[in-house]
Amino acid sequence: MSRHPSMDVLCASSGLKKISPGRKFSFALYCMVLSIAGKNPWMGFFLAALLSGITLLAGKISLGNYLRLLSVPFGFLIVSCITLLIDMGQCGLWHGSLLGVNLCITKTSLSQAILVLGRSIGALCALYFLSLSTPVPEIIGVLAKLRVPGFFTGLMYLIYRCIFILFSMHHSMKTAAKSRMGFRDYPTSLSSVGKIYANLLHRSYSSAMEMFHAMESRCFQGEIAFYDFSHYSTNKKQKILFTLAYVFLFALFTLFSQKEIL
Amino acid sequence: MNEILRMEHICFSYEKNHPVLNDISLKITEGEKIALLGNNGAGKSTFFLCCNGILKPDSGCIYLKGKKLTQNRKDTFSLHENAGLIFQDSDHQIIGGTVETEISFGPMNLKLPPYEVKERTEKAIAEMHLENFRNRAPQYLSGGEKKRVGIAGILAMKPKLLLLDEPASCLDSANAKLLEENLEKFALLGFPLIISTHDVDFAWKWAKRILIFHQGRLVADDSPEKVFARKSLLHTCGLTQPLLYQTGELLGLNPLPKTIEELSLHISSSPA
């Protein structure tokens, strides 16, 4: 297993886990909408800073873990923005040549790249705020309350459980392969990885069958349902805080919408 | 004793002409402690799946509390509800996000009123001493804890019979001991228990009745003393006599000791 704590582990120790999942879900969704709908990237940047601050300070997630988790989607985001930023041609704010191809950055491409960066990073931080404060089963519970069809929520529960079963199977197979020098050089590693994944596919079929039998043995009738044990206090202070945040962010959104990007 | 489950001439095969269960007939009554022995592929797990109604026999009849069951949905459900099956690998049995939601899965499927689901879940949590784990995600539990969650999930359905498929596999000695204590508790409550195991020593110590499956057939169904006396049958089925049985026989003890304590009592009370 990895030496770094997974999102699931961080989420279980979050300082925000006692807040109702519905409240966190709606707040994250609201921030995501504001970030994506904004015509100005600064709304997204502001939301990213705000939500990261909440996740780090109130959620008590360490900066190292937060940046590590953010690095992968952020890396993809930067690559996408670079492709938006660079245009073909010889005019604009900057131009140069690479392998005989003329490249330039125009004012339009720059504002478009910054807008996409702002919107995406705001939405990304909203998702991370939710994921690092609310366990997946609770998010699925919120979706079920929102009348998302039981088929989908059931599938989500099963996929979530299967991830851990497959991770643990993968870990044991990899260790077994390593112990027999299955990763001694590049060709051997490639062959071992192929065999591990083929075996994993086979094992996942038999696991799925066993899981289904176990569900059937407990009178499963096509829809996964659990008792709702949630006991979140409807704290008045928390309610006021969230309402103020909603109003403040909306005001900010209106203010930013009136301004030019650059 | 009241009859709970009766099977008459049960046959089952996954593929044509390859019977996995061949003409199985037996009766299980209240409070029985049964160990099911047999080597790998003998049909033990398939037998459990048939008892629970997951697999429908090709031929033969199943009676639940004296009532003959058909293969319709209602009767299959009553088998699911009454013959609680605890799977060998708890990871495949657990689907809930937390221990308490996992335990509520069965009662929710029984369409019970919410207060009863909660009450049954709380009771099962207390019975299996899972109070400290109730909000824990199953993936962060140890093998023994997962096994307890699996058993609690079945207990919450209030079954009339418990089927445990190799429950002690993957358990350390402390958890295996805890499991034995729980089994003893269930037996005292009057639950008939059938445990599939490879451990003849455990079967000798714990069971009051032994079933041996060999190539899909029920080849022995008797008291431990009578079954373990049949050396040639045990040899054919790839089994051995329990250690305490052999020791008792060598020392000429009567009755044969079931536990180390009984053996030491025999030795200390015998004249020097």
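**Exercise 1. Identify the bridge partner of L85(B) in β7(B), then place the strands in their sheet.**

Step 1. L85(B) has L163(B) as its bridge partner in β7(B). The model examined here and below is a predicted one.

Step 2. Strand β7 of chain B covers residues 161-165, and four bridges join β6(B) to it. The two strands run parallel.

Step 3. In chain B, the open sheet consists of six strands, ordered β6-β7-β8-β3-β9-β10, with mixed pairing. Its edges are β6 (83-86) and β10 (217-222) of chain B, each of which pairs on one side only.

Step 4. On average, and ignoring direction, neighbouring strands of this sheet are turned by 20° against each other.

**Exercise 2. Compare the reach of helix α7 of chain B with the expected value, and inspect the residue just after α7(B).**

Step 1. The helix spans residues 173-188 of chain B, 16 residues in total.

Step 2. At 1.5 Å a residue, 22 Å is expected. From first C-alpha to last, the helix reaches 23 Å, which is close to that value.

Step 3. Just after α7(B) comes G190(B), with a positive phi of about 95°.

**Exercise 3. Locate H9(B) and K65(B), and decide whether each is buried, partly exposed or exposed.**

Step 1. As background, most residues other than glycine have a negative phi. H9(B), not a glycine, has a positive phi of about 50°. K65(B), also a residue other than glycine, has a positive phi near 50°.

Step 2. H9(B) sits in strand β1 (residues 3-15) of chain B. K65(B) belongs to the loop between β4 (59-64) and β5 (67-69) of chain B.

Step 3. A residue counts as exposed if 12 or fewer other C-beta atoms lie within 10 Å of its own. H9(B) has 12 such atoms and is therefore exposed. K65(B) has 14 other C-beta atoms within 10 Å, so K65(B) is partly exposed.

**Exercise 4. Find the cis peptide bond that leads into P255(B), and say where P255(B) lies.**

Step 1. The bond runs from N254(B) to P255(B), and its omega is near 0°.

Step 2. P255(B) is in the loop between α11 (243-251) and α12 (260-269) of chain B.

**Exercise 5. Describe the side of chain A that touches chain B.**

Step 1. Contacts link 26 residues of chain A with 32 residues of chain B.

Step 2. Helices α6 (136-145), α7 (150-179) and α8 (186-216) of chain A each supply at least two residues of that side. The most comes from α8(A), with seven residues.

Step 3. By class, this side of chain A has 18 nonpolar, four polar and four charged residues.

Definitions and conventions
Residues numbered from 1 in each chain as written. Chains lettered and ligands numbered in written order. Predicted model: local features only at pLDDT ≥ 70, side-chain atom pairs only at ≥ 80, totals over all residues. Pairing = 2+ DSSP bridges. Axes fitted to C-alpha atoms, helices over the stretch in contact; angles between N-to-C directions. Contact = placed C-beta atoms within 7 Å. Nonpolar A, V, L, I, M, F, W, Y, C, P; charged D, E, K, R; others polar. Expected span 1.5 Å × (residues − 1). Buried ≥ 20, exposed ≤ 12 C-beta atoms within 10 Å, placed from the backbone.
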